[in-house]
Amino acid sequence: MIGKTNLKVLILDTDFYARQAISSYLAWDRRTRVVFLADSINAVMDYVRDTPEVEWPDVVLLDALAAETPEALGDLIKHIENTIPKVMTMVLDRRLNLEMLRAALHADANGYLLRDDVRIRIAWAIVWARDHEFVITEGVKAVLPEEFDGRLFHSAVLPHQRAYPELPDRVRQALQLCVVEGMSAELAADEMGLSPHTVRSYVKEGYRILEAYDNTVYPSDMSPQERAFMRFTALERDRQENQQQD
């Protein structure tokens, strides 16, 4: 069952569009709540100074480009963690940089994630990371040299996104546009070259397939679109663990 986790998330990202995209994905998941969007560490410190402690973040998603060097990234992580007690810091990078990874690891961050690996799984990644000391994505694990820090080889690799092989490609595309990206059926129809009626039919069929494949219990007041987003972006391992518990 999806619990009532309420993780407050602060996003520190140098890219405006990335901040907005991450925020929109997190907004669909009730377990996460974005409390502030920052483009610099100064903005983060201003927020902490001017905000009651009860609204300080539980999680900081930190853009690796917010620091110019690995040393600066390590210092940035330590500054955040020294300022915000018990915060979970996760670094998001555009491509693997071993020196940045090492800096995040040695600064006691909670994860180093490649954006293209995480994508729409970001809320699931945050929730899943709470149960692990250090989290990386599959793209990081695949290219690590053997001589790298031993702690890293015992890190947790973020599970793949749930596959749902029963979803036809066009149904999957309709879900991506209408559920994940929030398009209306009319806009999605223009994108897909179909009628709005057909898009709505695809989305309805997608809801049915997602529900049939997932035995997770969701809050009763959650809308069908919310449940579809949660299922569509879920982690494969979570499904396996739920089945084992049943």
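**View 1. Strand 1 is enclosed by the rest of the structure.** Six of the six residues of strand 1 (residues 7–12) are buried, so this strand is largely enclosed by the rest of the structure. Here buried means under 20% relative accessible area, exposed means over 50%, and partly exposed lies in between, with a 1.4 Å probe and protein chains only. Helices (H or I, at least four residues) and strands (E, at least two) are DSSP runs, numbered from the N terminus. The model is predicted, and local features need pLDDT of at least 70, side-chain atom pairs count only at pLDDT 80 or more, while totals for chains, interfaces and linings use all residues. Residues are numbered from 1 along each chain as its sequence is written, and side-chain values use heavy atoms, with hydrogens and water left out. Both faces of strand 1 are covered, since Leu7, Val9 and Ile11 on one side and Lys8, Leu10 and Leu12 on the other are all buried.

**View 2. Strand 1 pairs with strand 2 and with strand 3.** Strands of a sheet pair through backbone hydrogen bonds, either parallel or antiparallel. In this description two strands pair if DSSP finds at least two bridges between them. Strand 1 runs parallel to strand 2 (residues 32–38), and six bridges join the two; within strand 2, Leu37 is the bridge partner of Ile11. Between these strands the chain crosses through helix 1 (residues 16–27), and this β-α-β crossover is right-handed. That term applies if, with the strands pointing away from the viewer, the path from the first strand over the helix to the second runs clockwise. Strand 1 also pairs in the parallel sense with strand 3 (residues 59–63), over four bridges, and the bridge partner of Val9 in strand 3 is Val59.

**View 3. The sheet continues through strands 3, 4 and 5.** Seven strands form an open sheet in the order 2-1-3-4-5-6-7, with parallel pairing, and its edge strands, strand 2 and strand 7 (156–157), each pair on one side only. Strand 4 (residues 88–93) is mostly covered, as six of its six residues are buried; Met88, Met90 and Leu92 point one way from this strand, Thr89, Val91 and Asp93 point the other way, and all are buried. Five bridges join strand 3 to strand 4 in a parallel arrangement, and among the paired residues Val59 stands opposite Met88, while Val60 has Thr89 as its bridge partner. Strand 3, helix 3 (residues 70–83) and strand 4 make a right-handed β-α-β unit. Strand 4 is in turn joined to strand 5 (residues 111–114) by four bridges, again running parallel, and Leu92 has Leu113 as its bridge partner there. The path from strand 4 to strand 5 goes through helix 4 (residues 98–106), in a right-handed β-α-β crossover.

**View 4. Two separate nonpolar cores lie inside the model.** A nonpolar core is a set of buried Ala, Val, Leu, Ile, Met, Phe, Trp, Tyr and Cys residues joined through side-chain atoms within 4.5 Å. The largest one has 50 residues, and those with the most contacts inside it are Leu26, Leu61, Ile122, Ile126, Leu167, Leu175 and Val199. Helix 6 (residues 122–129) gives the largest share of this core, eight residues. Leaving aside neighbours within four places in sequence, Ile122 is in contact (heavy atoms within 4.5 Å) with Ile22, Tyr25, Leu26, Leu61 and Leu92. A second, separate core of 34 residues includes Ala38, Trp56, Val60 and Leu105.

**View 5. Leu76 is a buried residue of helix 3.** Leu76 lies in helix 3 and, at 8% relative accessibility, counts as buried. Not counting residues up to four places away in sequence, Leu76 touches Ile41, Leu62, Ala66 and Ala67.

**View 6. Helix 9 is covered by other helices.** The buried residues of helix 9 (residues 169–180) are Val171, Ala174, Leu175, Leu177, Cys178, Val179 and Val180. What covers them includes helix 1, helix 10 (185–192), helix 11 (196–213) and helix 12 (224–232). Just after helix 9, Gly182 takes a positive phi of about 75°.
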